[in-house]
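Student: Please take one strand of this model and give me a close look at it. Start with its burial, go on to its neighbours, and then work outwards to the rest of the chain.

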Amino acid sequence: MDNINLEQRSFPFAKLRFIIDGNRELVVEHNTLFRSTRQTLPLHLIDPSPIYNRSIPFGWVVITFISFILTIAALSAGWKNQGAGELFGVFLLTGIFLACLYNTIRLSSNALHFRNVNTAVVMLSLFRSKPSSSAVDVFVEVLRKRIESFRTPIDASNEELNVL
């Protein structure tokens, strides 16, 4: 069987590559600017049905909203007065708002978690939107089929399946 891979990039230099190597193992390569690791996961230990996890950090959403309101208030006050102090305050609050918005987006998760069959511990996580949700769905479907084909041979008869 062909090797199928999925590459997920993160800001600024991190890269995760998942490679289905034949019918036996899944290779996970993690590369950053200064370090590179490679891990091999046997397919027979991975549960073929992933858990979909979607979470939003509501505390950070509230902080981002408050910083946005403060930025708008400072902008309207600075628009009327137009002094150097008001302009500095607008820039400072805009920077705080952008930092809070970035952290809210970074802490939000939209992931698929694959568990260990024996212990139900998460072995592997894939982000749904990197590179695109359709590419991730295709990879997950191929991974599911490879795991199931490893467990039950494709050309096995019903009698052989009963023995397995």
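**A close look at strand S6**

Tutor: Strand S6 is mostly covered, with five of its seven residues buried. S6 spans 109-115. Keep in mind that this is a predicted model. The protein chain has a mean pLDDT of 79. In it, 84% of the residues reach 70 or more. Confidence is not even along the chain: helix H1 (residues 58-81) is highest at a mean of 84, while helix H4 (residues 158-163) is lowest at 58.

Now the neighbours. S6 has strand S5 (residues 51-55) as an antiparallel partner, joined to it by five bridges. One position to look at here is Tyr-52, which stands opposite Leu-112 in S6. S6 is also joined to strand S7 (residues 122-127), again by five bridges and again antiparallel. In that pairing, Ala-111 has Phe-127 in S7 as its bridge partner. In a regular strand, side chains alternate between the two faces of the sheet.

S6 and S7 form a hairpin, with six residues between them. Look at Ala-120 in the turn: its phi is positive, at about 65 degrees.

Next, the pocket. The largest pocket has a volume of about 420 Å³. Its lining counts 14 residues, and the closest to the centre are Ile-105, Arg-106, Ser-108, Phe-127 and Lys-130. Phe-127 is thus on two lists: it lines this pocket, and it is the bridge partner of Ala-111. The elements giving two or more residues to the lining are H2 and S6. Helix H2 provides the largest share, four residues. By class, the lining has five nonpolar, six polar and three charged residues.

Helix H2 leads on to the rings. The structure holds two aromatic pairs. In one of them, the ring centres of Phe-18 and Phe-139 are 6.4 Å apart and the planes stand at 45 degrees, so this pair is tilted. The pair links distant parts of the chain: Phe-18 sits in strand S2 (residues 15-21) and Phe-139 in helix H3 (residues 133-151), 121 residues apart. Both Phe-18 and Phe-139 are buried.

The pair of Phe-68 and Phe-97 is tilted as well, at 5.3 Å centre to centre and 50 degrees between the planes. It links distant parts of the chain too: Phe-68 is in helix H1 and Phe-97 in helix H2 (residues 84-107), 29 residues apart. Their burial can be read from the areas. Phe-97 has a relative accessible area of 16%, so Phe-97 is buried. Phe-68 has a relative accessible area of 36%, so Phe-68 is partly exposed. The cut-off between these two classes is 20%.

One last contact lies away from S6. Asn-5 belongs to strand S1 (residues 4-9). With a relative accessible area of 48%, Asn-5 is partly exposed. Asn-5 and Leu-143 are 138 residues apart in sequence, yet their C-alpha atoms are 9.9 Å apart in space.

Back to the strand you asked about. S6 is mostly covered. S6 is bridged to S5 and to S7. S6 also gives residues to the lining of the largest pocket.

Definitions and conventions. Residues are numbered from 1 along each chain as its sequence is written. This is a predicted model: local features need pLDDT of at least 70, side-chain atom pairs count only at pLDDT 80 or more; totals for chains, interfaces and linings use all residues. Side-chain values use heavy atoms; hydrogens and water are left out. pLDDT is the predictor's confidence in each residue, from 0 to 100. Rings of Phe, Tyr and Trp (its six-membered ring) pair if their centres lie within 6.5 Å; planes under 30 degrees apart count as stacked, over 60 as edge-to-face and the rest as tilted. Buried means under 20% relative accessible area, exposed over 50%, partly exposed in between (1.4 Å probe, protein chains only). On a 1 Å grid over the protein atoms alone, a cavity is a set of points where a 1.4 Å probe fits but cannot get out, and a pocket is an open set with protein on both sides within 12 Å along at least five of seven lines; lining residues have an atom within 4 Å of a point. Grid points are joined across faces, edges and corners, and a volume is the space filled by probe spheres set on the points. Ala, Val, Leu, Ile, Met, Phe, Trp, Tyr, Cys and Pro count as nonpolar, Asp, Glu, Lys and Arg as charged, and the others, Gly among them, as polar. Two strands pair if DSSP finds at least two bridges between them.
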